[in-house]
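Subject: That structure you asked about

Hi! Here is the structure I promised to pass on. Have a look at it first, then read my notes below.

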Amino acid sequence: MQKIRITKQFSFETGHALHGYDGKCKNIHGHSYRLDVTVIGKPVADESNPKCGMVIDFSDLKKIAKDEIVDVFDHATVFNKNTPHLELAMLLKSKGHNVLLVDYQPTTEMMVIDFAEKIKKRLPNNIKLHALKLQETATSFAEWFANDNE
């Protein structure tokens, strides 16, 4: 059986601030992100299997991406844990806001790397993450490809 790539798209709203950046994005602001998750594998050939003909059930891929990314990052504010906004982050958390402190600068590039690691850990052994595309605005996105990172 030949390998096939399938893609599932997600969207979520996230705020962030870029610590040390020399432009407007040093300020807290938000984006309507779109995430495309592409996996590769061989469709199930066993006709007695209810997943026959599928690489992975789209609902299974959806669960992974929602659990690891969408439900975590949607309507959250993301800060580098070394930010000078730490006091603000703690105040927001104490007021019930969803604040994420991460070990990286929360740029689209670094977020897509983080997302790739999270998704890869959850995929079945016979399915590989092929690519991610994280779109920050209508004209700006970052892409991660497995073959670039082997």
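First, a term you'll need: helices (H or I, at least four residues) and strands (E, at least two) are runs assigned by DSSP and numbered from the N terminus. With that in hand, you can place Gly96 in the loop between helix H2 (86-94) and strand S4 (99-102).

Before going on, some small print. This is a predicted model, so to speak of a local feature we need pLDDT of at least 70, and side-chain atom pairs count only at pLDDT 80 or more, while totals for chains, interfaces and linings use all residues. Residues are numbered from 1 along each chain as its sequence is written, and side-chain values use heavy atoms, with hydrogens and water left out.

Now the overall picture. The protein has three helices and six strands, in the order β-β-α-β-α-β-α-β-β from the N terminus on. Its C-alpha atoms fill a box of roughly 55 × 30 × 25 Å along the principal axes. Of the 150 residues, 39% are buried (buried means under 20% relative accessible area, exposed over 50%, partly exposed in between, with a 1.4 Å probe and protein chains only). Back to that loop: Gly96 is exposed, at 67% relative accessibility. The C-alpha atoms of Gly96 and Asn147 are 41 Å apart, with the two positions 51 residues apart along the chain.

Next, the aromatic rings. A pair of them is described by the distance of the centres and the angle of the planes. Rings of Phe, Tyr and Trp (its six-membered ring) pair if their centres lie within 6.5 Å; planes under 30 degrees apart count as stacked, over 60 as edge-to-face and the rest as tilted. How many aromatic pairs does the structure hold? There are three. In one of them, the centres of Phe12 and Tyr33 are 5.4 Å apart and the planes are at 20°, so this pair is stacked. Because Phe12 is in strand S1 (residues 4-16) and Tyr33 in strand S2 (residues 29-41), the pair ties together parts 21 residues apart in sequence. Both are buried: Phe12 at 2% relative accessibility, Tyr33 at 1%.

Phe12 also pairs edge-to-face with Phe115, at 6.2 Å centre to centre and 65° between the planes. That links distant parts of the chain, since Phe115 is in helix H3 (residues 108-122), 103 residues from Phe12. Phe115 is buried too, at 0%. Phe12, Tyr33, Phe73 and Phe115 form one aromatic cluster.

What about disulfides? The structure holds zero (a disulfide is a pair of cysteine sulfur atoms within 2.5 Å). Cys25 is partly exposed at 26%, and Cys52 is partly exposed at 34%.

Last, a charge and a ring: Lys133 lies over the face of Phe141, 4.2 Å from the ring centre (this counts if NZ of Lys or CZ of Arg is within 6 Å of the ring centre and within 35 degrees of the ring normal).

Have a browse and tell me what you'd like to look at next!
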